[in-house]
Amino acid sequence: MRGKSKQVTDGSYRLLPTWMHQAAIFAAALVVSILTAFLGTGDPAERFFGQIRDGLNSKPASGEIYLVEIDARSLKSLDNWPWPRSYHAQLVDRLNEAGVEQIVFDIDFSSRSTDAEDAAFAEALARARGKVVLPTFRQPSSTGDENAASENLPIEILREQAFLGSVNVHPGRDGQVNSYPFGAVTDGVPRPSIGALLVQANGAVNSVFELDHSIEISTIPAYSFVDIVEGRFDASSFQGKRVIVGATAIEMGDRYSTARFGIVPGVLLQALAAETLMAGTALAHMGPWPMLFLAITLIAIFCRFQGRKSWPKEPVTLLLVLMIFIISLFAERYRYAHLDLAPAFLFIVVWIAGQYFTGFMRRLNRERYFDTATGHPNLAAWLRQKGTGKPVYVVVAEVANFGEILSILGEDDSARFVGAVADRCKFICGDDELYRIGPNQFCWKMDSESPQALDNQIEAAGLLFNAPLQVGGRSVRATLCFGLVEGPLSDPLGLSSKAVLAAKQASRTGVRSLWHNESLADDTNQSLFIVSEFANALEAGEVSVVYQPKFSIASGQVTGAEALVRWNSPAKGPISPAVFVPVLERENLIEPLTLFVLRRVIASLEEWHTAGRTLGCAVNISAPLLGRDTFVESALEIIRSGRANGSLLTFELTETAVMTSPDIAAASIGRFGELGIHLSIDDFGTGQSTLSYLKDFSASEIKIDQSFIRLITSSNANRIMVRSTIEMAHALGITVVAEGVEDDITFNMLKEFGCDMIQGWHIGRPLTKEAFFESWVRRKTDSQENMADTAAA
């Protein structure tokens with residue numbers, strides 16, 4: 001399962017099945033496209049697609065229809081508009097003589113001129129013998145009421161000599177003229193449109209057809225009105241042609257917006273309508289439904305095959321769009337029908353957007369609820385657990401040596417290591433879901449008959465990690481510790497947190513597994529209090545330094561002290577150093593405390609020197625601080641800035657600290673030694689070092705651990721060990737300090753063994769700075785006199 005996300009099977013988190021996502025996307029795309037078709041919101045897109053089709057299907061006009069323009073040149077050459085109708089009579093005569101087949105006027109003749117002019121035009125119409133078509137149209141009222149619209153017909157004397165044709169065109173919702181009527185009813189009589197009359201086309205009155213914008217209107221032959229009237233044209237070229245006469249000059253108005261050609265004169269629309277009918281491209285408008293149905297079918301087929309083979313969506317989508325567009329393109333080119341594309345394209349767009357959205361959500365789900373390195377659910381997924389109130393067992397496995405392993409592995413091998421650990425953990429938890437809840441922590445639930453049975457299971461399962469893992473060609477041994485807890489799953493975070501604490505405690509104590517209990521919880525609460533409050537306590541003066549005297553047997557006097565810390569919390573009362581110092585060391589917070597103690601000790605050494613006593617003082621140094629340049633530099637600065645002699649200062653390090661990082665310890669000790677600072681090895685005997693080894697670190701003193709000192713009166717083995725240690729230390733020139741001296745018998749025995757110095761309550765308890773000054777610095781107290789007498793005896 002590594003590297004692949006999978007659905008969480010325990011109800012904590014589920015994605016909808018893929019088919020449900022597909023169905024939801026399909027339905028959403030269908031609804032959006034149908035609404036677009038009904039509401040017409042896709043009209044702008046439809047016009048855009050239409051322009052592309054028209055451009056690809058572009059063709060010239062037939063050349064059978066000529067346009068005679070009332071253009072700006074004609075208006076300038078002839079009288080001011082409106083012209084005398086004799087001009088129109090002359091035009092009719094000229095065209096009739098040229099042998100045109102039909103003359104259609106797109107000019108309003110519904111008002112009377114002079115009798116002579118009207119008669120002249122009527123006579124010319126009669127001479128044309130039925131070749132002329134005059135316009136009729138409905139003009140809307142100023143209120144926009146269709147029922148109140150006025151109907152404009154040519155005056156009676158003119159319409160008696162000509163056919164009448166409708167010139168009404170109706171812009172669509174977008175203000176553009178893209179369709180044209182076959183005819184209209186005016187004056188109660190159905191009349192064909194002049195575009196239909198030009199080509200003798202039949203169609204139902206009030207029915208419309210789409211104008212063919214692929215016909216280039218610029219290729220329609222056009223002549224100026226004035227040139228025809230004055231005979232400046234090739235009459236032979238007009239033989240058998242159909243002519244439409246109308247205004248193209250801007251000042252005449254009568255202009256309409258079109259999808260492809262922009263703003264054009266109305267007479268050009270009439271000509272375009274005639275050209276459309278003549279070309280046979282006045283096609284039925286089948287609307288959006290055929291292409292929408294095709295898009296739905298193609299997407300359904302794609303979804304069907306997508307389940308069998310993973311095809312890239314982008315090329316397939318582009319292919320579908322091109323296929324639908326080409327079908328509509330050829331449907332117009334080969335005169336089948338006009339097909340709307342916007343809803344079909346919108347269906348595809350919504351569908352593909354839905355695919356991307358669900359893909360994004362799935363990736364987001366994987367990133368949010370699944371660990372990329374192992375493919376297993378992560379902490380976020382674990383927190384979505386739904387409990388029934390029934391107690392369950394929760395196990396957390398923590399890789400105790402995780403940091404050490406990562407320090408020797410590269411990024412890729414680190415990921416492989418985590419995956420290998422997950423594989424073995426998965427073998428342990430079996431059918432239960434495995435969660436990676438932290439960088440080095442895995443969590444799962446387990447069914448077991450009893451806690452004891454679960455302990456046995458974990459102990460047996462832990463043996464899996466005795467064998468090293470093979471990572472990147474090397475063998476890596478992972479040390480796993482297990483934390484266990486029992487409780488209701490209604491609080492998954494609380495349960496896993498308790499199990500994590502138990503696993504960490506198991507790691508610290510060196511056991512395979514540990515159950516969470518209230519004692520562990522109390523320790524954790526105390527640790528949290530220490531971590532969160534110690535810095536404030538240090539600043540608020542709750543932390544103080546006390547001094548325990550160190551007594552020289554040879555001189556019979558107190559010759560120094562060891563600095564110890566005390567924390568008296570207003571909230572918790574006195575907190576033992578044995579409690580808070582290990583916590584500070586574990587959480588890397590020990591440096592501020594050590595520097596605090598060092599400042600106090602330097603000040604005390606100066607004060608004792610001023611009072612006339614030359615006493616030394618020892619300061620305990622935590623092992624990790626030796627490897628921190630910031631600490632070493634800060635400590636050296638404190639010592640250099642003080643007036644105390646560095647030779648009066650002793651740094652105490654545990655034997656284990658020196659053995660763990662000898663190179664780092666040696667380098668730092670050497671820098672401190674340059675200032676005359678002595679090195680003392682604390683708790684000697686608890687580690688595995690030798691005196692000769694410690695001599696290489698320039699250690700001038702060892703302190704035999706009190707666990708050996710307290711038993712020398714009752715244990716012959718301890719007496720032998722202490723005596724031999726003192727003898728060997730003296731042979732190497734090392735001073736010996738015995739800790740934990742509580743009585744005269746122990747004191748006298750150490751004196752007999754030749755021990756140099758002692759500490760313990762037999763000499764004196766740790767005292768505040770003020771009390772130590774009064775007892776051991778300002779005057780020689782009775783206690784010191786008694787100790788001197790004892791030493792002399």
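Which residues form a nonpolar patch on the surface? Select L318, L322, I326, F330, Y334 and Y336, and you have the patch on screen. Together these side chains offer about 640 Å² of accessible area. Keep in mind as you go that you are looking at a predicted model.

**Stop 1: inside the patch**

Stay with one member of the patch, L322, for a moment. L322 belongs to helix 11, so color residues 313–333 to see its setting. Its relative accessibility is 43%, and because the partly exposed class runs between 20% and 50%, L322 falls into it.

**Stop 2: helices 4 and 5**

Now select residues 85–97, which make up helix 4, and residues 115–127, which make up helix 5. The two helices pack with their axes 7 Å apart and an angle of about 15° between them. Since angles under 35 degrees count as roughly parallel, helix 4 is roughly parallel to helix 5. Helix 4 and helix 5 make a left-handed crossing.

Next, show the side chains of R85 and D118. What joins R85 with D118? A salt bridge does, with 2.7 Å between the closest N and O atoms. R85 sits in helix 4 and D118 in helix 5, so this pair links parts of the chain 33 residues apart. Are these two partners buried or exposed? R85 is buried, at a relative accessible area of 6%, and D118 is buried too, at 2%.

**Stop 3: the peptide bond before P82**

Step back along the chain to W81 and P82. The peptide bond that joins W81 and P82 is cis, with omega about -5°. P82 is placed in the loop between helix 3 (72–77) and helix 4. This is worth a look because most peptide bonds are trans.

**Stop 4: two positive phi values**

Where is D187 found? Go to the loop between strand 8 (183–186) and strand 9 (189–192). D187 is not a glycine, yet it has a positive phi of about 60°. Then jump to N588, in the loop between helix 19 (577–586) and helix 20 (590–610). N588 is also a residue other than glycine, and its phi is positive, near 60°. Most residues other than glycine have a negative phi.

**Stop 5: a contact across the sequence**

Select C303 and Q22 and draw the line between their C-alpha atoms. How many residues apart along the chain are C303 and Q22? They are 281 residues apart, while their C-alpha atoms are separated by 8.1 Å. C303 lies in helix 10, residues 289–306. With a relative accessible area of 24%, C303 is partly exposed.

**Stop 6: more salt bridges**

The structure holds 24 salt bridges in total, and two further pairs make good selections.

Begin with R628 and E591, whose side chains meet in a salt bridge at 3.4 Å, N to O. R628 is in the loop between strand 26 (616–620) and helix 21 (629–641), and E591 is in helix 20, so the pair ties together parts that are 37 residues apart in sequence. E591 is buried, with a relative accessible area of 14%.

Move on to E739 and K703, which form a salt bridge with their closest N and O atoms 3.4 Å apart. E739 lies in the loop between strand 30 (735–738) and helix 27 (744–753), and K703 lies in strand 29 (residues 701–704), 36 residues away in the chain. Both E739 and K703 are buried.

To finish this stop, select R73, D227, E230 and R232. Salt bridges that share partners join these four residues into one network.

**Stop 7: two more helix pairs**

Show helix 20 again, this time with helix 28 (residues 769–778). Their axes come within 12 Å and cross at roughly 30°, which means that helix 20 is roughly parallel to helix 28. Helix 20 passes helix 28 in a right-handed crossing.

For the last view, select helix 26 (residues 716–731) and helix 27. What angle do the axes of helix 26 and helix 27 cross at? They cross at roughly 45° and come within 9 Å, which makes helix 26 oblique to helix 27. The crossing of helix 26 and helix 27 is right-handed.

Conventions. Residues are numbered from 1 along each chain as its sequence is written. This is a predicted model: local features need pLDDT of at least 70, side-chain atom pairs count only at pLDDT 80 or more; totals for chains, interfaces and linings use all residues. Side-chain values use heavy atoms; hydrogens and water are left out. Patches are made of residues with over 30% relative accessible area and no salt bridge: like charges are joined within 9 Å, nonpolar side chains (Val, Leu, Ile, Met, Phe, Trp, Tyr) within 5 Å. Accessible areas come from the Shrake-Rupley method with a 1.4 Å probe; for residues, only the protein chains shown count as cover. Helices (H or I, at least four residues) and strands (E, at least two) are DSSP runs, numbered from the N terminus. Buried means under 20% relative accessible area, exposed over 50%, partly exposed in between (1.4 Å probe, protein chains only). Axes are lines fitted to C-alpha atoms, for helices over the stretch in contact, and angles run from 0 to 180 degrees between N-to-C directions. Angles under 35 degrees count as roughly parallel, over 145 as roughly antiparallel, 65 to 115 as roughly perpendicular and the rest as oblique. A crossing is left-handed if the near helix is turned anticlockwise from the far one by less than a right angle, and right-handed if clockwise.
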